[in-house]
Amino acid sequence: MKNYDLAIVGGGIVGASLAYHAARLGARTLLIDREDEGRATDAGAGIVSPETTATESSALHDLGRLAAAYYPELLGDLDSDTGYQRCGILVVAANDWETQFFDELTTALARRHQESEETAPLPQEIEPRAALEMYPPLGLMKRCLWSHEAARIDGRKTCSALSTAAEGLGVEVLVDSVSSLILEHKQVLGVRVGEEDLTANAVVIAGGAWSPTFAAQLSFPLPVEPQRGQIAHLHLEGADSENWPMINGFREHYMVAWPGGHISAGATREEGAGFDPRITTWGVQEVLGEALRVAPGLADATVVEMKVGLRPLSPDGLPVLGRAPGFDNLWLATGHGPSGLTLGPYSAKLVAQAALGGEWSPWLAAFDPARFLD
């Protein structure tokens with residue numbers, strides 16, 4: 001029977017990155033993925049902008065900052081088209097009510113910048129007409145914040161690039177479903193796929209919203225649930241959109257422009273929808289209505305398609321990273337919520353290193369799965 005150093009359950013961007021980094025460390029690696037419909041990686045717009053994201057968790061901010069800084073190094077090694085570009089982002093307030101939140105955000109960003117002694121420049125407020133020149137479909141906003149540090153990334157292309165690179169390094173990929181983990185006392189001996197037992201020295205569960213499948217077998221809570229996100233993909237004929245910035249409003253919606261007049265607009269954040277990857281009339285109305293409220297110049301754009309991603313969301317909004325409680329060789333890498341494309345590749349690198357015997361930094365304790373035991 002063949003034995004692996006590491007078996008990874010789940011082949012989204014986190015699982016693919018785990019496999020890639022494990023293989024680079026010389027590990028005999030198995031990646032198992034059943035390619036579920038609604039996988040978050042395949043639908044996300046890919047905004048990488050921790051510098052404009054206010055969070056009360058210093059650990060989450062640090063993870064975001066390190067993850068964003070890691071992307072150029074990672075993609076340089078992959079040498080593939082991932083859609084990555086540092087195009088900048090505009091955070092916009094469209095009315096007087098939203099300017100209150102705009103002021104709160106700028107105050108929070110300035111305080112965090114001062115406390116953390118960051119070297120990266122703070123986002124700067126610019127005139128609304130200057131923002132309109134940068135993004136022609138935009139309406140005339142009340143207030144605009146500009147960061148040139150932000151980047152976009154195509155989740156599907158990046159996941160594919162990671163998977164291809166991993167296979168090139170010897171990773172075995174199995175398109176199938178893991179029915180259970182093979183346990184003996186507090187050790188995981190491997191995974192069961194159909195009638196076959198595949199042994200491994202360590203296992204990482206990176207199944208996104210489907211990760212809690214194994215919680216009952218392991219007898220500890222893993223309260224990660226799917227958050228449905230519906231996203232519209234538009235085409236604006238004749239638009240020279242390659243260098244347009246991304247747009248963030250104050251109603252948890254965004255727009256990401258791509259070359260050739262392609263624009264992603266989203267997204268809903270629906271909790272309680274379960275594993276239901278449907279496009280709903282309400283979702284279409286919310287996404288398109290918000291896009292047109294902020295950017296009325298998109299009124300004549302063609303709706304090319306709608307997509308749905310089921311994001312793995314934890315109760316406290318923090319990723320679930322680290323060793324599974326009570327087990328020596330079982331690790332978790334899930335719960336990234338709507339930030340999976342930002343945080344996922346770097347989170348996976350850290351977990352892959354630790355699962356193969358490396359160190360686990362103390363500052364990552366904020367993401368410890370054991371926090372749910374209480």
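Strand 1 and strand 12 (residues 196–200) run parallel and are joined by two bridges. Strands and helices here are DSSP runs numbered from the N terminus, with at least two residues (E) for a strand and at least four (H or I) for a helix. Strands count as paired if DSSP finds at least two bridges between them. In this pair, Asn3 has Thr199 of strand 12 opposite it.

A word on what you are looking at: this is a predicted model, in which local features need pLDDT of at least 70 and side-chain atom pairs count only at pLDDT 80 or more, while totals for chains, interfaces and linings use all residues. Residues are numbered from 1 along each chain as its sequence is written, and side-chain values use heavy atoms, leaving out hydrogens and water.

## The four-stranded sheet

Strands 1 and 12 belong to an open sheet of four strands, ordered 1-12-11-10, with mixed pairing. Strand 1 (3–4) and strand 10 are at its edges with a single partner strand each, so one side of each has no neighbour in the sheet. As background, strands of a sheet pair through backbone hydrogen bonds, either parallel or antiparallel.

At the other end of the order, strand 10 (residues 178–184) pairs with strand 11 (residues 187–193) in the antiparallel sense, over six bridges. Val178 has Val193 as its bridge partner in strand 11. The two strands form a hairpin with two residues between them, and His185 in the turn has a positive phi of about 60°.

## The six-stranded sheet

Another open sheet has six strands in the order 9-3-2-13-21-20, again with mixed pairing. Its edge strands are strand 9 (172–175) and strand 20, each of which pairs on one side only. From one strand to the next, the twist averages 15°.

Strand 21 is a good place to pause. All five of the five residues in strand 21 (residues 330–334) are buried, so the strand is largely enclosed by the rest of the structure. Buried means under 20% relative accessible area, exposed means over 50%, and partly exposed lies in between (1.4 Å probe, protein chains only). Leu330, Leu332 and Thr334 point one way from strand 21, while Trp331 and Ala333 point the other way. In a regular strand the side chains alternate between the two faces of the sheet.

Strand 21 has a parallel neighbour in strand 13 (residues 203–205), to which three bridges join it. Strand 20 (residues 320–323) pairs with strand 21 in the antiparallel sense over four bridges. The hairpin of strand 20 and strand 21 has six residues between the strands, and Gly326 there takes a positive phi near 85°. The table lists residues facing each other across these pairings.

| Residue | Opposite residue in strand 21 |
|---|---|
| Ile205 | Leu332 |
| Leu321 | Ala333 |
| Arg323 | Trp331 |

## From strand 21 to helix 8

Ser339 sits in the loop between strand 21 and helix 8. With 31% relative accessibility, Ser339 counts as partly exposed. Ser339 and Val320 are 19 residues apart in sequence, and their C-alpha atoms are 13 Å apart in space.

Helix 8 (residues 340–355) is mostly covered, with 15 of its 16 residues buried. After helix 8 comes Gly357, which has a positive phi near 105°.

## Helices that meet

Helix 1 (residues 13–24) packs against helix 8 at an angle of about 35°, with the axes 8 Å apart. Axes are lines fitted to C-alpha atoms, for helices over the stretch in contact, and angles run from 0 to 180 degrees between N-to-C directions. Contact means heavy atoms within 4.5 Å. Among the residues making this contact are Ile13, Val14 and Leu18 of helix 1 and Leu341, Pro345 and Val351 of helix 8. Helix 1 also lies across strand 2 (6–9), strand 3 (29–33), strand 13 and strand 21, running at about 170° to strand 3.

Helix 2 (residues 58–78) and helix 5 (residues 155–168) cross at roughly 55°, and their axes come within 10 Å. That makes helix 2 oblique to helix 5 (angles under 35 degrees count as roughly parallel, over 145 as roughly antiparallel, 65 to 115 as roughly perpendicular and the rest as oblique). Tyr71, Leu74, Leu75 and Leu78 of helix 2 meet Thr158, Ala161, Leu162 and Ala165 of helix 5.
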